[in-house]
Each structure stands twice: as structure tokens, then as C-alpha cells.
2 protein chains.
Amino acid sequence: MRFCSHCGHSNLQFSIPEGDNRPRYWCENCQTIHYQNPKIVVGAVPIWDGKVLLCKRDIEPRKGYWTLPAGFMENGETLQEGAARETWEEACATVAIDDLYTVFNLPHINQVYVFFLGRIEDGKYGVGEESSDAGLFELDAIPWDELAFPTIGRTLRFYIEDLKSGTFPVRCQDIAPLQRRPSED
Amino acid sequence: MRFCSHCGHSNLQFSIPEGDNRPRYWCENCQTIHYQNPKIVVGAVPIWDGKVLLCKRDIEPRKGYWTLPAGFMENGETLQEGAARETWEEACATVAIDDLYTVFNLPHINQVYVFFLGRIEDGKYGVGEESSDAGLFELDAIPWDELAFPTIGRTLRFYIEDLKSGTFPVRCQDIAPLQRRPSED
Ligand SMILES: [Zn+2]
Ligand SMILES: [Zn+2]
């Protein structure tokens with residue numbers, strides 16, 4: 001953020017506004033405070049005939065890695081609508097959204113991930129614009145080493161674990177930044 | 001949004017960018033797309049000795065009405081940290097955050113509300129800067145007609161209902177815009 005989106009001036013400050021308790025971008029000219037808040041990434045665990053629908057990312061980050069359909073929640077939609085929309089956009093599948101399932105805090109990147117359980121309504125899927133491949137995976141054939149994000153692996157592992165009991169309690173966890181290996185320093 | 005926060009130009013468009021599927025603000029000069037996404041409001045149900053801590057709002061909207069401590073989630077924090085921070089800021093109480101409890105979609109105002117169960121650690125509370133009063137309420141003495149938002153009433157009613165069974169499943173619901181009465185037209 002370099003210019004005030006309200007008045008166009010370039011004299012943005014980054015300091016604690018009067019009456020606030022943390023630094024914000026604010027405009028010296030028109031006094032507008034430009035709040036920045038975490039974003040929600042919403043997705044689904046789309047199931048068909050005991051298999052889970054994954055898609056291969058064709059965009060960065062993690063291009064070429066497999067993911068559950070998920071993306072930034074949009075204004076004007078519910079979490080469930082967002083999960084269904086992402087499943088349609090990324091894997092061309094129509095999914096009935098069931099219960100809330102996993103919630104992950106990623107404070108280092110200002111994101112909250114939210115996944116819902118879902119059922120593919122007719123078994124059909126395809127390859128969406130931001131994907132290079134899509135497929136229904138047996139739960140013992142998930143490409144664990146080729147998953148895009150920790151949120152995906154944790155959600156899938158919870159799902160496999162919960163299938164044994166048939167109960168799917170909501171899981172809420174933090175995800176820490178990936179450790180860099182010493183060789184990367 | 002009237003000016004590009006990236007380059008300061010005033011020639012913002014509101015239309016569907018190439019490769020996208022919904023209208024966005026974007027800058028004709030530098031091509032930056034200015035995404036707008038829902039915000040998370042996070043709060044707690046702070047319990048002490050069977051009573052719940054409410055605070056009276058001293059800011060608009062709904063100034064003078066009672067609320068559970070809640071506010072916009074900040075960058076760099078987890079949902080739980082946000083819930084504890086809001087309880088401290090609005091009611092000067094130190095709360096141990098337990099399980100995720102309620103999640104509400106408010107798509108008409110681009111918000112998702114998230115409440116956690118919490119325990120006030122020492123029974124102490126006070127009146128925060130954005131509050132004009134605070135108090136521990138017996139569950140049969142909640143001021144139902146003076147609650148600030150539907151999310152507050154629903155969360156409190158769920159809590160009272162769930163106390164009977166001692167189980168507090170996560171609840172996820174939509175909240176529709178308030179109906180205006182004909183006399184308000
Ligand atoms: Zn300004
Ligand atoms: Zn620009």
C-alpha cells in the first residue's frame with residue numbers, strides 16, 4: 001500500500017493511530033485509516049464413492065502439487081457457497097456441502113483456512129482453469145508427498161482417521177510457518 | 001475505493017478483469033486488481049461461576065446495546081488470540097479460550113462471525129474503552145431485548161441449550177439481513 005485509496009495522496013503513514021493500539025497505514029491528508037485483516041480460504045473435501053477429489057494446481061504457489069479445492073472466500077457469499085464455488089471452479093464438480101470440518105489458523109500469512117465435508121452429486125468432475133489435472137483418489141492412494149499445503153494433508157488425515165468412528169468433529173488447529181532447512185539460510 | 005493504492009491514479013474501473021468471473025476494482029493505469037474479501041469478527045463466550053460476561057457497546061453500531069466481547073480479527077493473530085484480545089479490550093477480562101463454538105455467515109455485510117467458549121481466569125473484569133458498562137449475567141437474566149446483534153443472541157441461546165447436555169457441538173448458521181418493518185419504509 002503506497003497511496004491512499006480514499007484521496008489518492010502518497011503521504012501514507014505506518015504508525016499507531018490515536019485511540020488505537022497497533023500500527024496501521026493511515027493517510028496524513030484525509031486521516032483515513034486503512035485497516036488490513038486476515039483473509040479466509042475456504043474449501044471442500046469432495047467425496048464420491050469413498051474416494052476424494054483432488055486437483056493439481058496450475059498456478060503458483062505450489063504449482064504442480066495436489067490440493068483439495070479451496071480458494072479465497074468472496075464478498076457476498078457464505079462459507080458453504082464459497083466451498084461449493086471453489087469445487088466447481090477448480091474441479092468442475094457439483095458438490096453438496098455438509099458440515100464444517102477443519103479450521104486452521106495461519107497467522108504468519110494472515111489467513112484462516114476453513115474446510116467443509118462435501119458429496120459430489122453425480123460423480124462428475126473435470127479440470128478447472130487453475131488446475132492442470134483432477135482425479136478421484138482412493139484414500140490409500142493419496143499422493144502425500146505431493147500435497148500443496150499442510151492444511152490439505154491435515155484435513156485428509158483427519159478424514160481418514162474419523163472414517164473409522166464415523167464421527168467427524170470440527171478440528172481447529174494452528175499451522176506454524178514451514179521450517180527452513182539450514183542449507184537455505 | 002476511489003484511487004489506486006498501488007500507483008495513486010484515479011482511473012479505477014469496476015468490471016470483470018480478464019480471466020476472472022466477477023467484477024473487481026482494478027486500475028487502468030497499473031493493472032493492479034484490488035480484491036475485497038469478507039472480514040472475520042471473532043469473539044468469546046466468557047464464563048465465570050456459571051455467569052456470562054457481557055459488555056455494553058459505547059460505539060456505533062448498536063451503541064448502548066449488550067454484546068459478547070467480539071471484534072475484527074487482526075493480521076498476525078490466531079482466531080483464539082483474537083477472541084482473548086477482544087475480551088481483554090472490551091471487558092478487561094483475562095480469558096482462557098476453549099473450543100470453537102459458533103460460526104455465522106453474514107454475506108450481506110461480508111462478514112463471518114466466530115465465537116469460542118472461554119473461562120475467565122480470575123473472575124475479574126472491567127469496562128473497556130469501547131464499552132460503557134460490563135457485567136456478569138446469570139443465564140436467566142440475560143437482557144434479550146437489549147442485545148446488539150443476532151449473532152450474540154443465537155450464541156447465548158445455543159449455550160443455554162447445550163448446558164443441559166453438557167456437550168457443545170460447533171454450530172454453523174447463516175444470518176439473513178434484518179427485516180425492515182413496513183413503517184420504516
Ligand atoms: Zn487520504
Ligand atoms: Zn494503479
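Cysteines without disulfides and a zinc site

The sulfur of B:Cys172 has its closest cysteine sulfur in A:Cys172, 13 Å away, which is too far for a bond. With a relative accessible area of 25%, B:Cys172 is partly exposed. The model is a predicted one.

B:Cys55 is also unpaired: the closest cysteine sulfur, in B:Cys92, is 9.2 Å from its own, too far for a bond. Here the residue is buried, at a relative accessible area of 0%. A disulfide is a covalent bond between the sulfur atoms of two cysteines. The cut-off for such a pair is a sulfur separation within 2.5 Å, and a search of the whole structure finds 0 disulfides over all chains.

Other cysteines of chain B bind metal. The zinc ion (ligand 2) is coordinated at 2.3 Å by the SG atoms of B:Cys4, B:Cys7, B:Cys27 and B:Cys30. Along the chain, these donors follow the spacing C-x2-C-x19-C-x2-C. B:Cys7 lies in the segment before β1 (12-15) of chain B, and B:Cys30 in the loop between β2 (24-27) and β3 (33-34) of that chain, so the pair ties together parts that are 23 residues apart in sequence.

The geometry of the site follows from its angles. The 4 donor atoms around the zinc ion (ligand 2) subtend angles of 103 to 115°, and the arrangement is therefore tetrahedral. For four tetrahedral donors the ideal angle at a metal is 109.5 degrees.

The two ligands named above by position can also be described by accessibility. B:Cys7 counts as buried, at 18% relative accessibility, whereas B:Cys30, at 26%, counts as partly exposed. The boundary that puts B:Cys7 among buried residues is a relative accessible area under 20%.

Technical notes: Residues are numbered from 1 along each chain as its sequence is written. Chains are lettered from A and ligands numbered from 1 in the order in which they are written. This is a predicted model: local features need pLDDT of at least 70, side-chain atom pairs count only at pLDDT 80 or more; totals for chains, interfaces and linings use all residues. Side-chain values use heavy atoms; hydrogens and water are left out. Buried means under 20% relative accessible area, exposed over 50%, partly exposed in between (1.4 Å probe, protein chains only). Donors are N, O and S atoms within 2.8 Å of the metal (3.2 Å for Na, K and Ca); water is not among the atoms, so sites may look incomplete. Four donors count as tetrahedral if all angles lie between 85 and 135 degrees; four count as square planar and six as octahedral if opposite donors are over 155 degrees apart and all others between 65 and 115; anything else is irregular. Helices (H or I, at least four residues) and strands (E, at least two) are DSSP runs, numbered from the N terminus.
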